[in-house]
Amino acid sequence: MLAILSAGIAPGLALLSYFYLKDEYETEPISVVLRTFMYGALLVFPIMFIQHVFETEHLIKSEVIDAFLSSSLLEEFFKWFILFYAIYSHVEFDEPFDGIVYGAAASLGFATVENIFYLVANGIEHAVTRALLPVSSHALFGVIMGFYIGKAKFTEGLKMKWIILSLLLPFILHGVYDYILITQENWIYIIFPFMIFLWWFGLRKVKTAKILSANHFKKKYSVEKSLQS
């Protein structure tokens with residue numbers, strides 16, 4: 001059991017550490033990051049309950065609904081809800097890159113608990129595949145969601161389009177990911193190119209967020225300097 005717990009937790013913490021250490025300016029308090037991680041972890045239970053109801057009541061009538069509603073919309077909405085209502089206005093969310101850190105934390109909290117449950121039920125031999133696919137994909141959905149949440153908070157003017165994109169893009173990407181796994185017999189030949197694209201897209205958002213944070217602090221220090229002179 002200890003081996004399963006270690007294998008279940010390690011990928012999530014490794015990926016969270018990776019994105020956390022990418023923050024080159026004012027790194028976030030570990031306590032707030034871990035709290036966000038725990039919020040994501042706790043989401044597993046209401047989501048599993050709702051999915052169980054969908055299944056027992058036979059509400060899922062097609063593979064598209066299964067991929068895009070039962071999995072993607074349900075999971076991404078709850079993660080988005082945590083980010084928008086518990087983190088967006090937090091005093092520690094003070095630069096664009098912070099959205100990526102908190103987005104990854106919430107998603108990886110969810111992915112880690114889900115991963116542990118899966119390994120307990122199916123065996124530790126699935127640990128590598130789970131780390132490369134579901135855990136990594138959840139991290140990247142969170143990165144993309146967090147990027148647009150950060151854009152919404154620190155962009156002047158109309159913010160609604162960034163808030164909409166913060167939910168819409170992860171929802172679409174997650175739905176496509178699940179649809180491939182559900183419908184394709186030889187899914188492995190499609191999912192790995194998709195994961196390469198997802199990593200490329202997610203890391204582009206990381207790079208852009210770092211630039212936005214650099215510009216944010218330049219502007220902030222420039223204003224402070226002008227006020228002092």
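**Helices, aromatic pairs and salt bridges in a predicted model**

In the predicted model, Arg130 has a relative accessibility of 11% and therefore counts as buried, the limit for that class being under 20%. Arg130 takes part in a salt bridge with Glu114, in which the closest N and O atoms are 3.9 Å apart. This contact links distant parts of the chain, since Arg130 belongs to helix H5 and Glu114 to helix H4 (residues 98-122), with their positions 16 residues apart in the numbering. Glu114, in contrast to its buried partner, is partly exposed, with a relative accessible area of 24%.

A search of the whole structure gives 3 salt bridges. Another of them joins Lys210 to Glu24, with a distance of 3.0 Å between the closest N and O atoms. Here, too, distant parts of the chain are linked: Lys210 is located in helix H7, whereas Glu24 lies in the loop between H1 and helix H2 (30-56), and the two are 186 residues apart. Lys210 is partly exposed, its relative accessible area being 21%. Glu24 has a relative accessibility of 52% and so counts as exposed, the class that begins over 50%.

A further salt bridge is formed by the side chains of Glu76 and Lys79, at 3.0 Å from N to O. These two residues are 3 positions apart in helix H3, and are therefore separated by about one helical turn. An α-helix has 3.6 residues a turn, so residues three or four places apart point the same way. Both Glu76 and Lys79 are buried.

Helix H3 (residues 63-87) also contains Leu73. Leu73 is one of the residues of a nonpolar surface patch of about 530 Å², which is made by Ile65, Leu69, Leu73, Phe77, Phe81 and Tyr85. With a relative accessible area of 33%, Leu73 is partly exposed; this value exceeds the 30% required of a patch residue, which is why Leu73 can be included. Phe77, Phe81 and Tyr85 of the patch recur in an aromatic cluster, whose members are Phe77, Phe78, Trp80, Phe81, Phe84, Tyr85, Tyr88, Phe93, Tyr102 and Phe154.

Aromatic pairs number 22 in the structure. One of them, formed by Tyr18 and Phe19, is edge-to-face, with 5.0 Å from centre to centre and 75° between the planes. Tyr18 is partly exposed at a relative accessible area of 35%, whereas Phe19, at 0% relative accessibility, counts as buried. Phe19 also pairs with Trp199 in a stacked arrangement, the centres being 6.4 Å apart and the planes 15° apart. The pair of Phe19 and Trp199 links distant parts of the chain, namely helix H1 and helix H7 (residues 188-228), across 180 residues. Trp199 is partly exposed, with a relative accessible area of 25%.

Helix H1 (residues 2-21) comprises 20 residues, which at 1.5 Å a residue should span 28 Å; the end C-alpha atoms are 27 Å apart, and the two values therefore agree. The helix has a kink of about 30° at Ala10, shortly before the proline Pro11. Pro11 is among the buried residues of H1, together with Ile4, Ala7, Gly8, Gly12, Leu15, Leu16, Phe19 and Tyr20.

The corresponding comparison for helix H5 (residues 127-154) rests on 28 residues, for which a span of 40 Å is expected at 1.5 Å a residue; the end C-alpha atoms are 38 Å apart, in agreement with that expectation. A kink of about 30° is centred on Ser136 in this helix. H5 is mostly covered, as 22 of its 28 residues are buried.

In helix H2, the position of Val44 was examined. At 2% relative accessibility, Val44 counts as buried. Val44 and Thr112 are 68 residues apart in sequence, while their C-alpha atoms are 9.5 Å apart in space.

Key. Residues numbered from 1 in each chain as written. Predicted model: local features only at pLDDT ≥ 70, side-chain atom pairs only at ≥ 80, totals over all residues. Heavy atoms only, no water. Patch = residues over 30% accessible without salt bridge, like charges linked within 9 Å, V, L, I, M, F, W, Y side chains within 5 Å. Areas by Shrake-Rupley, 256 points an atom, 1.4 Å probe, with all protein chains shown as cover. Salt bridge = Lys/Arg side-chain N within 4 Å of Asp/Glu carboxyl O. Helix = DSSP H or I, 4+ residues; strand = E, 2+ residues; numbered from the N terminus. Buried < 20%, exposed > 50% of the residue type's maximum accessible area, 1.4 Å probe, protein only. Expected span 1.5 Å × (residues − 1). Bend = angle between axes of the 7 residues up to and from the residue. Phe/Tyr/Trp six-rings, centres within 6.5 Å; stacked < 30°, edge-to-face > 60°.
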